[in-house]
Amino acid sequence: DSLQTAEYVWLLPALVAYFLGVAVRAARWHYLLRAVGAISARQLFPIVVIGYMANNTLPLRAGEVVRSYALSQRFGVRKTAALATIAIERIFDGLTMLAFLLIASLSIALTSDLFYVAITAAILFPVLLGLLLVFVLAPVVRERMVALAVALLPSRVSGRVEQMAQSFFEGLGILRRRQDLISVVLTSVLAWLCEASMYLLIARGFDLGISPWAILMVTAVANLSTLIPSSPGYVGPFEWGIRLVLTGALGIAEEVSLSYAVVVHAALYLPVTLLGLIFWWRESFSWRDVRQATEEAAG
């Protein structure tokens, strides 16, 4: 009944807000990559979309590897350096979601489940950022860690692993560039505000009557639940995150929460996946090469 009575005209401005956010993410990746190459946001937009497409169709967030492969093929950036920038990107995504959650908690009481999500994010993402900062700002410690890891490996692969590690550290160069880092923070917030606007517009279509603060919490919890590698397209974890807020904290009927989650997820999934497949076909990338790159990353 909820699906039948929803006003789907709100999907049109919602999708505009979403793709505006994707464009902002391409601009953010431009800043993240400036330490290894000058690539414009316009050039990066198709690759970002390809990464979303792959995350929606492959398990365990393999889209991140696909994105690094596409960047390497198109612009010659080393895949491990690209993966380093994506790792930083994910940390700032997590920190932004944590900020959204904390801001929303000023007006909405956290349930025990939401409190657990907040505590986990508050521990995980600052620790990961601190670890990357150690790699960048303490080269002696970094070199000792690499040397120890390489010493434990067979000689036939140790040289390659050391080269990959150095390439990865090169991709962390953004952490030394204060001005670019500020741009990354600002574009992270702007990108997620665009996506939160999408959630809010679709909520209007379901007449949920929830505040912008509640939308910030929905956006944060739904996306924190998808940052952990899981099923293709995050089917299950995403809906679970929305239910935690709408039903658990706001008391909205579970059937309505699920209907809303399904429509939001479909809007996030279908258009960008279709566009990503078009960009993939246009670039003539190879799935066989992607499989090899995925195996290399896993190894």
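Is L110 buried, partly exposed or exposed? In this predicted model, L110 has a relative accessibility of 28% and therefore counts as partly exposed. Buried would require under 20%, and exposed over 50%. L110 sits in the loop that joins α5 (79-104) to α6 (112-137). Residues up to four places away in sequence aside, L110 touches L101, S105, F115, A118 and M217. L250 lies 140 residues from L110 in sequence, yet the two C-alpha atoms are 9.9 Å apart in space.

Helix α5 precedes this loop. Its 26 residues should span 38 Å at 1.5 Å a residue. The end C-alpha atoms of α5 are 37 Å apart, which agrees with that expectation. Helix α5 is mostly covered, with 19 of its 26 residues buried.

Two packed helices are described by the angle between their axes and the distance between the axes. Helix α2 (residues 11-32) packs on α5 at about 125°, and the axes are 10 Å apart. The two helices are therefore oblique to each other. The crossing of α2 past α5 is right-handed. On the α2 side, R25, R28, W29 and L32 make the contact; on the α5 side, T85, I86, I88, E89 and D93 do so. By class, the residues of this contact comprise 4 nonpolar, 1 polar and 4 charged.

A second helix pair is formed by α9 (residues 178-205) and α10 (residues 212-224). Their packing angle is about 110°, with 9 Å between the axes. Helices α9 and α10 are therefore roughly perpendicular to each other; the range for that class is 65 to 115 degrees. Helix α9 also passes α10 in a right-handed crossing. From α9, the contact draws on W192, L193, E195, A196, Y199, L200 and A203. These meet I215, L216, V218, T219, A222 and N223 of α10. The residues of the α9 contact with α10 divide into 10 nonpolar, 2 polar and 1 charged.

What does S167 contact beyond its neighbours within four places in sequence? The partners are R78, T80 and A81. S167 itself belongs to helix α8 (residues 155-171). At 3% relative accessibility, S167 counts as buried, because the cut-off for burial is under 20%. L110, at 28%, counts as partly exposed.

Definitions and conventions
Residues are numbered from 1 along each chain as its sequence is written. This is a predicted model: local features need pLDDT of at least 70, side-chain atom pairs count only at pLDDT 80 or more; totals for chains, interfaces and linings use all residues. Side-chain values use heavy atoms; hydrogens and water are left out. Helices (H or I, at least four residues) and strands (E, at least two) are DSSP runs, numbered from the N terminus. Buried means under 20% relative accessible area, exposed over 50%, partly exposed in between (1.4 Å probe, protein chains only). Contact means heavy atoms within 4.5 Å. Axes are lines fitted to C-alpha atoms, for helices over the stretch in contact, and angles run from 0 to 180 degrees between N-to-C directions. Angles under 35 degrees count as roughly parallel, over 145 as roughly antiparallel, 65 to 115 as roughly perpendicular and the rest as oblique. A crossing is left-handed if the near helix is turned anticlockwise from the far one by less than a right angle, and right-handed if clockwise. Ala, Val, Leu, Ile, Met, Phe, Trp, Tyr, Cys and Pro count as nonpolar, Asp, Glu, Lys and Arg as charged, and the others, Gly among them, as polar. The expected span of a helix is 1.5 Å times one less than its number of residues.
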